[in-house]
Structure formats: C-alpha cells, structure tokens
Amino acid sequence: LEAIGHLTQGIAVLKTLPETRERTQQELDLQMTLALALTAIKGHAAQEMEEAYARAYVLCQQLGNPPQIFPVLFGLWRFYNVRAAFKTSDELAHQCLSLAQQQQDPAHLPVAHYVVGHTLFWQGEFTSARAHLMQALTLDDPAPHRSLTVRYLASPRVQSLFFMAWTLWMLGYPDQALQRNHEALTMAYELAQPFSLAFALCFAVCVLQACRDVQAVQERAEAAIALTKEQAFSHWFAHAT
C-alpha cells in the first residue's frame, strides 16, 4: 500500500518534467512497479493494474521495445487470462512465446511456455497444456528464482509446477499431481516470499481438494487465510476463504 502511494506520486512528478527518453524510461520503471503492487493488493483482474501495464506497453513502444516488453506482455496476459478473455490472452501468450524464441532468452523461454500452457489449461486443452508446462520446467533454471519472483510477483517455476499438477489431475494422474503439488509448495516455502507463498497455498488446495484430502485442504486454506490477511492480498484472501 505504501509503495502504491509513492509510485503514484512519483509518476505525477515525472509529468512536470520535459519529455525526454530518460523520463520515458523512468516512467516505464515506475509503471511496471506500480502494476506489480496493484496486482498484489487488488488482484490480477484489477482495472488499475491493466491501466498501468497498458501505459507501460505504450512506453515500451516509444523506447523501441526494450527488454521490459516481455514482463509487460506477461502482465497484460495475466489480466486478460484471469478475466477469461481467452482470445486476447491467447494472442498475448503466443506473443510472449514468439518474443522469447526470437531472443533465445533463457529466463523468458520457460516463462513463455508456462504462459501458453496456463492459457491452454483454462481452455480445456490439457494434453497441449502439459507439453508446454513440461517445456517450462525442463528449460527452467531454478537458481535465479529470487530475482524472477520479484519480476513476476510469484515464482514462475512454482506457478508452472502447480499448473502441471492440476493438468496431471485432469488427465487422470492423481499421484503425479500430488507429487508436483508437493514440489511447488516446498519451493514456495524455501523462497519465503509472501506473494509466492500465498499463490502456492491457494493453488495447493485446488489439487488437494480434487484429490479429496479434506484435512490437508483445511490446513492449507487456514494458513493461506492467515498469510493473505496479514499481507492484505485481497485476491488470494478471497480465494483462501
């Protein structure tokens, strides 16, 4: 909440300065950080978050599509995907994958495959989703995940593991689903980053509930409620409740 106040004020001050490339870059950095803070507090489908990412996308175009374009596309994808605007989210997902393949960026490629796999999951394309999620996990290097967690709010690997778990359950492999679920939770606790852990606890209950492990669902949900209430993560607090 404090970050949102400072970032909003910073953007307002920038508007009083002459229009230069340096000012555009500064605003891009502020808008991207503001979008992350808004996502954490208001949720993935908050209109204010979309407005910050949309402005960041315009700034990226003005700067000739700098490296920040990928996380900006990711943020816009997340907004439309959570709103179930799958035509737009699918287009943005494939933009992410195309960009990552062009750049052959080892950090972006696994995230791009996750984005496509995630989108396919919500459209019921479970076999194709599993293929992309497997690519995400295979290409991923777990080592830099603290920095990636800051860029994407929740660790991309933790997210890939959970959607792989849920996909495996949908395809009829509950034992494998529970194994991936456990891997994701373990990694989230190791990272000890509040938003990643909130995401992990909330998605863990989805797989556990599907597997009818009532006690584990209750325990994880109560832990998620306590964490998300403390951190004021309204989206995940509602999910856990």
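In this predicted model, the buried residues of helix H5 pack against three elements: helix H4 (69-82), helix H6 (108-122) and helix H7 (126-139). Helix H5 itself covers residues 86-103, which makes 18 residues. From its first C-alpha to its last it reaches 25 Å, close to the 26 Å expected at 1.5 Å a residue.

The residues of H5 that are buried are Ser89, Leu92, Ala93, Cys96, Leu97, Leu99 and Ala100. Around the axis they cover an arc of only 165°, so they lie on the same side of H5. The spacing of such residues follows from helix geometry: an α-helix has 3.6 residues a turn, so residues three or four places apart point the same way. On the face of H5 turned away from the buried side are the exposed residues Lys87 and Gln102. Just after H5 comes Gln104, with a positive phi of about 50°.

One of the helices that H5 packs against, H7, also packs with helix H9 (residues 156-170). The axes of H7 and H9 are 9 Å apart, and the angle between them is about 150°. Angles over 145 degrees count as roughly antiparallel, and H7 is therefore roughly antiparallel to H9. The crossing in which H7 passes H9 is left-handed. On the H7 side, the residues that meet H9 are Phe126, Ala129, Arg130, Leu133, Met134, Ala136 and Leu137. Their counterparts in H9 are Arg157, Ser160, Leu161, Phe163, Met164, Thr167, Leu168 and Met170.

Some of these residues also appear around Arg180, which is placed in helix H10 (residues 174-191). Is Arg180 buried or exposed? Its relative accessibility is 19%, so Arg180 counts as buried, the cut-off being under 20%. Leaving aside neighbours within four places in sequence, Arg180 is in contact with Met134, Leu137, Leu161, Met164, Ala165 and Leu168. Among them, Met134 and Leu137 belong to the H7 side of the packing with H9, and Leu161, Met164 and Leu168 to the H9 side.

A last residue to look at is His44, found in a loop between helix H2 (21-42) and helix H3 (47-62). His44 is buried, with a relative accessible area of 8%. Which residues is His44 in contact with, leaving aside its neighbours within four places in sequence? They are Thr39, Met49, Arg78, Phe79, Val82, Phe195, His235 and Trp236.

Key
Residues numbered from 1 in each chain as written. Predicted model: local features only at pLDDT ≥ 70, side-chain atom pairs only at ≥ 80, totals over all residues. Heavy atoms only, no water. Helix = DSSP H or I, 4+ residues; strand = E, 2+ residues; numbered from the N terminus. Buried < 20%, exposed > 50% of the residue type's maximum accessible area, 1.4 Å probe, protein only. Contact = heavy atoms within 4.5 Å. Expected span 1.5 Å × (residues − 1). Arc of directions from axis to C-beta. Axes fitted to C-alpha atoms, helices over the stretch in contact; angles between N-to-C directions. Parallel < 35°, antiparallel > 145°, perpendicular 65-115°, else oblique. Left-handed = near helix turned anticlockwise from the far one by under 90°.
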